[in-house]
Structure formats: structure tokens, C-alpha cells
Amino acid sequence: NDGIRLDKLHGNDKWQNATKLEMDQLHEYDTFHDKGIGTTPGEGYKKIQVHLVFAVKHDGRHKARLVARGHLTETPIDSVYSSVVSLRGIRLLTFIAELNGEEVWCTDVGNAYLESRTHEKVYIRAGPEFGDREGSLLIIVKALYGLKSSGLRWDERFANVLRSMGFFPSCAEPDIWMRDKGNQYEYIAVYVDNLLIVSKAPQELIDALEKEHMFKLKGTGPISFHLGCDFFWDEDGVLCYAPRKYIEKTLDNFRRLFGKHPKKASSPLDKGDHPELDTTQLLDFKDIKIYQSLIGSLQWTIQIGRFDIATAVMTMSRFRAAPRQGHIDRLHRIYGYLPKMRHGVTCSYPHLTLPPTYPV
């Protein structure tokens, strides 16, 4: 077991505890229908496999997740696309909140996919991580992470809940849900299981989700960190956002990859540079993956506020399929530039535009 091996290596039991918590939660949500040992699943069911995925969250928590190997399942005939709110929508809602004097809260729905049922007919044979269930035939009845349709099943489930609460989707963006409160609207923006709430009374919405619909919410409270971005109010009481923690995490990841911090740079790329003319050695398969990962992190950094590197990253993104040594050296320069503007922020100034009850 990888969790046990890692715990022995580090002299603790963090991964074992995380695994136990995950398995206990799967049992609590009645994720499987246990048909026992030596049984058959019935007609039309397909046997698949599951595996544990480990991750360290941004706050240092160790998380284990049991994930279905969805590539073993049949591809659904119908679309299983499930959209998420755009970052543009998040910015617009925070602006509207400032404009209308509403509060901005965030919360996460714990084990969101397990709140819905799957339509896929699949089963597994329980392994040792299932304890005394080992060897049993388990039919998957909840929308387990990794199944191809689980995202859509959760999207449908939560949409029905929001409709029952009187919300309706915005015409501009369907993952921003609105409810008319007479003199203004309140909003819930949905990014899978991450919710951003704009309301005069956000606690009332939290209470409804927890007590009426029985969701297990976590990280609930006034916005401070959402989708990789820090939110805060400056000394003038103006709401601002900046990817400060994300940049720190990105630079730490760079150090782990290359054994050192990037050399400080005064600009993302050299003036007059032409990376398309680079003739240095092509990267091997391993370094191509590193290059693509570095580009992905930079692209998200742009999305959450660092617009100043957009042109440089767009330029270097063209070489993702076959990058050269000179191209990855240029990425090092972009990473070396990130700390220069690490304290830059984007601020909302609601007195500039929009009428006071502007709906999305």
C-alpha cells in the first residue's frame, strides 16, 4: 500500500488516517451495494477497478480519494459535459456584492459527487482497503469520482436543490444562480463543489443547504481564498484579489523540480526575443511533460490575476508539443519575473459603474 509506504518513510500515519477517513465516508454515503462473496452482479453490469489518489491540499491537509478507473467503462451516448462558473463571473459577482453592500462568502460541499446516484451499471471486487468487506462484490450506486458521468450527475442534483430554493440560472452564465429578493438579487456561483455566495444574509443560505438539504459544508465563511486566489479588503475597505498563495506554491514547485529558485528577472521575456528561431536541443519526453506542466501553472496564474505575463506565456505555449532547451530556459525567466509583481492586486471600485440592482 502506497499510503503505508509513505508513512513509514516520513515516520507518521497521515496517509493511513486519510485513507481510513475516505473509506469511512464512502460507507457513510452508502456508495456501494454489497452483494457479498461468491455472487454475481446481474445482467448488464461491467466489472471495473478503483484506486486511491493522494494529494496534499493548499492548507497542508493530507487527502485520500477513492477513484474509479473510468476508462474501463462504456462511453455514454448522451453528453456528460458539466460546466463551471468562469473566473470572469466570479469577478463580476464580487463587484456586484461591493456595489450592493452584500456579503461574499465561500464554502465547499464535502464529497459532492457522492450526494448523487450514478446511472452507470458497474461493480468492483473489494480489495484490502475495504477491511472486512474484502473479496465482496460491490455494486457502485453513487456517482463515484472517476466515473464518466459523475460530474453531470452532481450538476443535476445540485441544480434541482437550487431550483427548490427559488434560484434560477443566469442568462449570461448558467452556473451563476440568482434569487430575487425584491430590491436586489442574491447569487450562488458554482464551480463543481466550490460555492461563492453573494447575499445580505449568507448564513441563511448556508443553514438551508446544511439543515434542509443535508449537505456537509466545509471552509464556510467570508471570502479569503477561492479557486487559487486570495481575496481581502485594503485599508480603504476596497475588496481586492491577487494570486499570492498560488504564486508561492508555484515557486515552491519550481524549486522542487529544479533544486533552486528561479533567477530574478525584470521582464517576462527579453526585448526583441524570437523563440520561434531557437535551434537548441529538443527536450526529451520527461522534460516535455515538465514544460507542459510549467505552462499550465502559468496559464492559471494569468486567469487569477497576473495579466502582465499573458503575452509571454501565450508566446511560449506555442511550443508545448516539441519544446527545446531554449524554450524551457525562457520559462525559467518568466518564473523569475513572478516575484517582482507578487504584491500587485486587482481592486473593485463599485462607485464607478453599474446601477445599484444590476443583475447578471
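Helices are DSSP runs of H or I with at least four residues, strands are DSSP runs of E with at least two, and the numbering of each starts from the N terminus. Names such as H6 or S1 in the points below follow that rule.

1. Overall picture. The structure is a predicted model, not an experimental one. The chain has 360 residues, and 46% of them count as buried. Nine helices and 16 strands are found in the chain. Its C-alpha trace spans about 70 × 60 × 45 Å along the principal axes.

2. The positive patch. Which residues gather in a patch of positive charge on the surface? They are Lys57, Lys218, Lys249, Arg255 and Arg256. Helix H6, which covers residues 244–258, gives the most to this patch, with three residues. Arg255 is found in helix H6. The relative accessible area of Arg255 is 34%. A residue joins a patch only with over 30% relative accessible area, so Arg255, at 34%, is above that cut-off. In the three-way scale of burial, Arg255 is partly exposed.

3. A four-strand sheet. One open sheet has four strands in the order S1-S7-S6-S2, and its pairing is mixed. Strand S1 (32–34) and strand S2 (46–47) are the edge strands, each pairing on one side only. In general, strands of a sheet pair through backbone hydrogen bonds, either parallel or antiparallel. The word "mixed" can be followed from one strand pair to the next in point 4.

4. Pairing inside the sheet. S2 and S6 run parallel and are joined by two bridges. Lys46 stands opposite Val122 in S6, and Lys47 stands opposite Tyr123 in S6. S6 and strand S7 (residues 137–140) run antiparallel, with three bridges between them. Ile124 has Leu138 in S7 as its bridge partner. Strand S6 therefore takes part in a parallel pairing with S2 and in an antiparallel pairing with S7, in line with the general rule that strands pair either way.

5. Salt bridges, and one that reaches the sheet. The count of salt bridges comes to twelve. One of them is between Arg133 and Asp34, where the closest N and O atoms are 3.6 Å apart. This pair links distant parts of the chain: Arg133 is in the loop between S6 and S7, Asp34 is in strand S1, and the two are 99 residues apart. Asp34 has 32% relative accessibility and counts as partly exposed.

6. A buried pair. The side chains of Arg179 and Glu186 meet in a salt bridge of 2.5 Å, taken from N to O. Are these two residues buried or exposed? Arg179 is buried, and so is Glu186.

7. A salt bridge network. The side chains of Asp273 and Arg330 also meet in a salt bridge, at 2.6 Å from N to O. Asp273 lies in the loop between H6 and helix H7 (285–303), while Arg330 lies in helix H9 (residues 325–337), so the pair ties together parts that are 57 residues apart in sequence. Asp273 counts as partly exposed because its relative accessibility is 26%. Arg330 counts as buried because its relative accessibility is 14%. Asp273, Asp278 and Arg330 form one network through salt bridges that share partners.

8. Asn111, a residue with positive phi. Asn111 is not a glycine, yet it has a positive phi of about 50°. Where is Asn111 placed? It is in the loop between strand S5 (103–109) and strand S6 (122–125). Buried means under 20% relative accessible area, so Asn111, at 7%, counts as buried.

9. Met214, another residue with positive phi. Met214 has a positive phi of about 65°, although it is not a glycine. The loop that holds Met214 lies between helix H5 (202–212) and strand S12 (217–222). Exposed means over 50% relative accessible area, so Met214, at 57%, counts as exposed. Set side by side, Asn111 counts as buried, whereas Met214 counts as exposed.

Key: Residues numbered from 1 in each chain as written. Predicted model: local features only at pLDDT ≥ 70, side-chain atom pairs only at ≥ 80, totals over all residues. Heavy atoms only, no water. Patch = residues over 30% accessible without salt bridge, like charges linked within 9 Å, V, L, I, M, F, W, Y side chains within 5 Å. Areas by Shrake-Rupley, 256 points an atom, 1.4 Å probe, with all protein chains shown as cover. Salt bridge = Lys/Arg side-chain N within 4 Å of Asp/Glu carboxyl O. Lys, Arg positive; Asp, Glu negative; His and termini not counted. Charge placed at Lys NZ, Arg CZ, Asp CG, Glu CD. Buried < 20%, exposed > 50% of the residue type's maximum accessible area, 1.4 Å probe, protein only. Pairing = 2+ DSSP bridges.
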